[in-house]
Structures are given as C-alpha cells and as structure tokens.
Amino acid sequence: MANRLTTQDASFYYLEASSTPMHLGSLAVFRTPRSGFSYEKLLSLVEQRLVLVPRYRQKVREVAFGLARPVWVDDSDFDITYHIRRSALPKPGTDEQLHDLVARLTSRPLDRSRPLWEMYLVEGLTKNRFAIFTKSHSALVDGEKALEIGQVILDASKSPVAMAEELWMPAREPKESALVLDAITELIASPNESVEVLRGAAAGLAGVAGGVLAASGKVFSLVRTAAQVAPSSPLNAPISRNRRFAVAKTELSDYRRIHTRFGCSINDVVLAVVTGALRNWLLSRGEPVTASSTVRAMVPMSVYVSDEGAGYDQYADRLSGDHEGEPTDAQLRSEVSSFLVDLPVGEPNAVVRLSHIAHATEAHAKQSPGVTAQTLMTISGFAPASLHAMGARAGSRLSQRLFNLIITNAPGPQFPLYVGGARMLEMFPVSPLFENQALSIGLTSYDGFVCFGLNADRGAMPDVDVITALLFEALEELIDASNESRV
C-alpha cells in the first residue's frame, strides 16, 4: 500500500504558491572549534543521522488525474551533496550579511523533484564563527513522526553520539499505473473520502485545506475572538516571494525576573514584549493607534506538561535549568496549545499590556487542553525546530482573515549543544508567511537566551529591522516597571 501524504501534508504541498513557499527554516550559529569544522564533517554527520529522519530521503509523487493524495517514495537518485551546500560570506562576514543570505535562501522554493529540504554551511563569519541554515518543507515535518533535520544533528556533548552504520537501499519507485490502481482501490473502499478527493481535483485541490482540521481529529482551543475578522493592519498586505530576515537576542533571565515579579507566565512576558514593539512600530509608521487598537496574533505555543497533568507554569523554571526536583523528559510531553489573542497595542502602559495578555492566556488555559504532540527528543532534547513546524501547521488550519500574524514560541534546553564538536551559540527560527501576511515571528529559548527570528516580506516590511530594535526597548520598559514596583 502506498505511503500517502496526510490531508494536512497534502494541503501544504498543493497550496504552496510562488509568493508563499511553504518551507520553514532554522539558522544556527556556531563557534568554530580549534580542530576546525569542514563541509565534509557536516556531510558525514548528516549522512549518519538520516536514519533518524527517513523521510528526508523520500520525495513526493503525485497521482495521475488527482485521484488521490500524493505519496512518499524513496528517491533512488538521492544525492546528499545536492541537499547540503556550501556558502561563504564576503569579508568581513557580518551578521547583517548572514541575515541577507538567509532572506535570499528563504525566498527560493524547494525543488519538488527531490526530497524537500536543503542545508547550507555558511563560512566566513567574523569572530571565528560559522552558521548552518536549514530549510524543510512543511509537508515534510509534522513534529510527531517526522522531525526537522537540524534537530537530529545536535548533541549534548562535544563528542557526537555514535550511530550504527546503515546501508540504505531505496525501495523501487512505483509505476504510474500502480499508483492509479491503489488510488482507485482506496476510493472504492472509502466512498466518503472519494467525494472529497474528486471535489478537490475539480477545484485544483484548493479545497483540500478546508478539510484539514476535521481530518486531523484534533480540537482547537480558541478565545472568543475567533468569531470576528481580524482588525485592519499594515501587517496584512499582498506579498511577493522575496523576504527580509532580522533577529533579536535577549536574556532569558530578564523574562524570568518579570515573570516572578508580576506572577504571570514567561509566555505572557514574551507576548507583552512583542506587543510593545508592535505598538511603537505602528507609531513610527504614523499609523492611527487608539486606546482600543489591537493586533490579533495566532499563538501556537509549545509547552511542557507532566504526565500528572501539571501545566507549563509549574515548570517555568525548567527553562532556566535550575529547578530542583523537576520532572525528567520521560515524565514530560510537549504540547502545542494554539489560540488567538488580541495584543493591546493601543495601551500605552507596559504593565497594563502585560496584565491584559495574562488574563487572555489564562482564559484560554481554562477552556480546554492544547493539541497534544508526543514530540521525539531522543538525541539531545532539542526540539524547537520541529515544534515551530507544528506551530506553522496549527496556524494553517485557520483562515488568515482571523489573525494578523503568527507568533511561535518553542522552549529549548538551557545547556550548550554541539554539532560535530562545534558549540551552538544561538538559534533563530524562520517561520513561513501565509497569504497576505507580511510578518511572522518565531522565538526559541536556548542556553540562557531568547532568540527571535522575524521573517518578513521584502516589499511590505522594509522596516522589519525597526521591530527588532523595538523588541529590546519593550523588554527594557517591562524591566524598569518591574524594578520600580519593588521600591
């Protein structure tokens, strides 16, 4: 029987457009070890770890006449050197040059005739650093059974985890006639699904996404604002394929201090910081901002939940790595809890903004549990890239008219990780853009830092760097308010 794409995988595959490539990215920056780090070392490491992500050696085959969803098949001509590429920055190799490169690479669609992923070793960074940028199609990574490649090449020590040698032999690719016969057999066996498939084929498969939520069997927990269209915002505009990419790196200890002082979650503080930055960005553009102005965010947040049912807040200290008696990874599972929240950009007071957001997230938490995902973290416990993929998939299930932007938040480990003996210094997510949405924000906590990655349309958001600068200002505003309240 064919290994068919799920309904949601197929929706990502078919609904990709030239202006909205559906791949997600991850930018990791490393310190070059004394022994050096070469393209050949990265090639060897990834080749060893591909056994952990078998789908990265498979490509998508469509079925004639749209009779069924496409299938995953082994790529008999798989060439790892095609997928892992080498790039170098012109001297002096600044972070700005790196971010420009990431924006250009993000703008390019993946080759559909091959497995849907690419990895770039970027050399020439200043301060004895190099970077690895990966991009994987959203149809490829579901965060549960299929992980993101950047996750499995990381180790918790300088010495890479030994992997058993594997001799991979691709299965024979099925003939077109066999795929059609399988499709017809499935249509006869499942008449209800056949109606949906044929309807999708007649509509150019544009209607597949509408059935994603029902087919997945997962329930969304959303605030009451879901019944309303999102407010008008310059964040929503026609977009092109071209991108801009910007980052911000902040101290996790600052969020912890604010979280402790005001009795809210760290996620609440993150959203308040983003709200403050968006408020000042709108003002910098001369946009009308009134007391009632809001920006609606789709917030698929990854949280840790214990087997006993205790929520993320109880284990917030896990992010800093200093909580005594905390549960082990075996006692925790990762959940993606998705909801809509109106960010109060019209509120001038930072503490009041934080209070509004805390009340909104608390109301969401009381409605129902999030969407559970038994995330595999067997190599290093570092799953943010896969969790960001889950966040993007969650956001895709809702009409984009219901929200202005997506903010994905995935906690990572608070200890150093390594690739081939090179220590990872920082990691920035690159979330995809949806139609008419000019900005997506992803953030990951790692080794004492909170790293923001902002992916933006090049034409609609030429000032995305302004938002990254304003993130620091918004965080400082909350820090000052926290200090003042202690006096």
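Residues are termed exposed when their relative accessible area is over 50% and buried when it is under 20%. On this basis, the two sides of helix 6 were distinguished in the model, which is predicted. S177, L181, I188 and A189 of helix 6 are exposed, whereas L179, V180, A183 and L187, on the other side, are buried. Viewed down the axis of helix 6, the buried residues fall within an arc of 95° and therefore line one face of the helix. An α-helix has 3.6 residues a turn, so residues three or four places apart point the same way. The length of helix 6 was also examined: for its 14 residues (176-189), a rise of 1.5 Å a residue gives an expected span of 20 Å, and the end C-alpha atoms are 20 Å apart, in agreement.

The strands include an open sheet of six, ordered 5-6-7-2-14-13, with mixed pairing. Strand 5 (84-88) and strand 13 (418-419) form its edges, each pairing on one side only. Within this sheet, strand 6 (residues 117-125) and strand 7 (residues 129-137) are antiparallel and are joined over seven bridges; W117 stands opposite S136 of strand 7.

Six aromatic pairs are present in the structure. The ring centres of Y13 and Y14 lie 5.5 Å apart with the planes at 75°, so this pair is edge-to-face. Y13 and Y14 are both buried. The charged end of R112 sits over the ring of Y13, at 4.0 Å from the ring centre. Elsewhere, F30, F37 and F130 are linked by ring pairs into a cluster, and the charged end of R261 sits over the ring of F262, 5.7 Å from its centre.

Key:
Residues numbered from 1 in each chain as written. Predicted model: local features only at pLDDT ≥ 70, side-chain atom pairs only at ≥ 80, totals over all residues. Heavy atoms only, no water. Helix = DSSP H or I, 4+ residues; strand = E, 2+ residues; numbered from the N terminus. Expected span 1.5 Å × (residues − 1). Buried < 20%, exposed > 50% of the residue type's maximum accessible area, 1.4 Å probe, protein only. Arc of directions from axis to C-beta. Pairing = 2+ DSSP bridges. Phe/Tyr/Trp six-rings, centres within 6.5 Å; stacked < 30°, edge-to-face > 60°. Lys NZ or Arg CZ within 6 Å of the ring centre and 35° of its normal.
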